[in-house]
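Ready for a few exercises? Take a look at the structure below, then try each task before you read its solution.

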Amino acid sequence: MQHPIGIGLAGLGNVGAGVFKHLQNNRTLLRERLGLDLEVRRIAVRNPANRAEEGFPAALLTENWRDLVDDPSVQIIVEVMGRKEESLELILAALDAKKAVVTANKALLAEHGGQIFESATRNQTPVFYEAAVGGGIPIIKCLREALVGNHIDSIHGIINGTSNYILTRMTDGDLSFQEALAEAQAAGYAEPDPSFDVNGWDAAHKAMILASLAYGFWIPKDQIFVEGIEQLTAADIRFAKSLGYKIKLLGIIKASPHSEGSEIEVRVHPTLIPRDHVLASVNGVFNAIAVHGDVVGEVLFYGRGAGQNPTSSAVLSDIAEAADAIQRPRRDLGFIPHSLYGSCKPIESSLSEYYLRLTVEDRPGVIAQIAGILGELQIGISSILQPESDEEGANVALVMMIHTASNSQMRNAVERIDALSCVKRPPRMIRVEHFS
Ligand code: HSE
């Protein structure tokens with residue numbers, strides 16, 4: 001047996017503590033499978049004295065992450081601090097010191113992936129990031145390895161557990177958005193600042209990583225479309241249900257047409273999906289990612305997208321791969337850039353079907369005025385739902401399902417419809433996906 005591979009663990013929060021525990025518990029199993037022994041040699045934490053009191057080995061603890069980079073016995077640095085500037089500084093310093101990096105930092109990769117992988121290439125040192133997307137679901141490794149022979153046509157992902165929990169409770173428990181969010185926070189599912197969970201940006205960071213990996217270039221943040229679930233109401237959930245749909249926050253990644261040189265779409269938004277589609281039955285905090293490859297067809301990944309143990313499992317897989325990469329030089333340093341695909345498609349030209357909910361006065365001619373605007377803009381209506389009202393002249397909901405239209409067509413239509421005197425509240429538009 002060779003000398004153990006030394007690990008420097010930066011961060012001992014929920015994920016870091018889990019990684020430390022499972023590395024000890026499964027050390028023998030990992031040794032048998034890898035033919036290598038993995039040993040934590042240094043741990044960087046904010047307050048070493050407190051962590052030593054909790055039982056972590058005092059001799060390994062340091063307040064300064066630079067000690068990990070400077071320690072010649074550390075070959076792999078595991079960044080689970082989850083910070084911004086400091087995590088980036090650590091990762092770049094580790095790569096310059098030719099130490100393999102494992103990180104769970106989705107926001108950092110989404111925003112600085114290009115810079116991180118330039119450094120990885122320059123230093124010929126790998127960066128692995130399985131835990132950054134989908135917690136314990138091995139989606140990154142599958143895109144990099146198992147699906148390497150496929151052009152990726154599309155990826156549809158429920159990749160934020162908190163918002164999926166909120167939507168599930170709004171659907172099955174008839175809760176309001178605020179009540180469901182309070183439940184998610186009480187259960188400890190939401191991020192410390194839940195705004196990233198509900199405004200779509202946590203899912204967007206993950207979608208950017210998946211899209212970058214699928215298409216070989218780092219997707220710029222300003223070229224994706226992101227909308228959260230904060231504006232969803234119980235009425236939208238109910239109408240969607242009565243029309244045969246469920247509402248999910250989806251990360252949608254598509255190459256169209258499905259071939260080399262095509263434009264890439266990356267969007268995150270609440271989406272009506274047919275209730276018999278498999279993603280509609282993904283409930284609570286679970287994540288699921290449906291990938292369509294040109295050779296394999298549809299593949300579905302399902303599991304826990306967060307939590308200490310699932311996330312630790314993903315980090316252990318990265319540590320194992322990093323340990324292997326240290327043994328033999330390789331081409332794949334975690335991300336292989338190429339220029340087979342084009343650029344990102346502007347959201348204005350992105351096509352979708354839509355659910356449009358209006359609050360209108362119940363009087364003759366209202367539907368004709370609205371249909372007139374849609375007709376002038378070449379937008380087709382596929383169905384109309386208006387619950388019966390008791391009294392003529394009262395405000396009523398009017399729900400229209402819209403055939404495929406571009407984002408800019410719909411934006412024009414919504415602006416003009418909103419300006420009608422019979423329309424009493426801002427129109428609510430939600431995209432619809434049929435997975436064709
Ligand atoms: N806050 C995230 C979620 C978990 O709710 O899915 C970690 O990415």
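A polar contact is a pair of N or O atoms within 3.5 Å. Keep that cut-off handy for the first exercise, and bear in mind that this is a predicted model.

**Exercise 1. Find the residues around the ligand, and work out which side chains make polar contacts with the ligand.**

Step 1. Start with the surroundings. Around the ligand you'll find Lys106, Asn160, Gly161, Thr162, Glu191, Asp197, Asp202, Lys206 and Ala306.

Step 2. Now check some distances. From an N or O atom in the side chain of Asn160 to an oxygen atom of the ligand it's 3.4 Å. For Thr162, a polar side-chain atom sits 2.6 Å from a ligand oxygen. For Lys206, the value from a polar side-chain atom to a ligand oxygen is 2.7 Å.

Step 3. Apply the cut-off. A polar contact needs N or O atoms within 3.5 Å, so the pairs of Asn160, Thr162 and Lys206 with the ligand count.

**Exercise 2. Compare the span of helix α6 with that of a straight helix, and find where α6 bends.**

Step 1. Get the expected value: 18 residues in a straight helix, at 1.5 Å a residue, would span 26 Å.

Step 2. Set the model beside it. Helix α6, residues 106-123, spans only 22 Å between its end C-alpha atoms.

Step 3. Look for a bend. At His112, α6 bends by about 85°.

Step 4. See what is tucked away. The buried residues of α6 are Lys106, Leu108, Leu109, Ala110, Gly113, Ile116, Phe117, Ser119, Ala120 and Asn123. Their cover includes α5 (85-96), β5 (100-103), β6 (127-128) and α11 (201-215). Lys106 turns up again here: it's also one of the residues around the ligand.

Step 5. Step off the end of the helix. Gln124 follows α6, and its phi is positive, near 50°.

**Exercise 3. Work out which strands pair with β11, and in which sense.**

Step 1. Locate strand β11 at residues 286-293; six of its eight residues are buried.

Step 2. Take one partner. Strand β7 (residues 152-158) pairs with β11 in the antiparallel sense, over six bridges. Here Ile152 stands opposite Gly293.

Step 3. Take another. Strand β12 (residues 297-304) also pairs with β11 in the antiparallel sense, over eight bridges. In this pairing Ile289 faces Phe301.

Step 4. Follow the chain from β11 to β12: the two form a hairpin, with three residues between them.

**Exercise 4. Decide whether Glu265 is buried or exposed, and list its contacts.**

Step 1. Place Glu265 in strand β10, residues 263-274.

Step 2. Use the cut-off: buried means under 20% relative accessible area. Glu265 has 6%, so it's buried.

Step 3. Find its neighbours. Leaving out residues up to four places away in sequence, Glu265 touches Ile252, Ile253, Lys254, Ser256, Lys345 and Ser350. There's also a polar contact of 2.7 Å between the side chains of Glu265 and Arg267.

**Exercise 5. Where do Asp174 and Gln378 lie, and are they buried or exposed?**

Step 1. Asp174 is in the loop between α8 (161-172) and α9 (177-186). Gln378 is in the loop between α14 (366-376) and β14 (381-385).

Step 2. Check phi. Asp174 isn't a glycine, yet its phi is positive, near 55°. Gln378 isn't one either, and its phi is about 60°.

Step 3. Exposed means over 50%. Asp174, at 62% relative accessibility, is therefore exposed, and Gln378, at 65%, is exposed too.

Methods: Residues are numbered from 1 along each chain as its sequence is written. This is a predicted model: local features need pLDDT of at least 70, side-chain atom pairs count only at pLDDT 80 or more; totals for chains, interfaces and linings use all residues. Side-chain values use heavy atoms; hydrogens and water are left out. Helices (H or I, at least four residues) and strands (E, at least two) are DSSP runs, numbered from the N terminus. The expected span of a helix is 1.5 Å times one less than its number of residues. The bend at a residue is the angle between axes fitted to the seven residues ending there and the seven starting there. Buried means under 20% relative accessible area, exposed over 50%, partly exposed in between (1.4 Å probe, protein chains only). Contact means heavy atoms within 4.5 Å. Two strands pair if DSSP finds at least two bridges between them. A residue is near a molecule or strand if one of its heavy atoms lies within 4 Å of it. A polar contact is a pair of N or O atoms within 3.5 Å; within protein, one must be able to donate a hydrogen and the other to accept it, and residues adjacent in sequence count only if both atoms are side-chain atoms.
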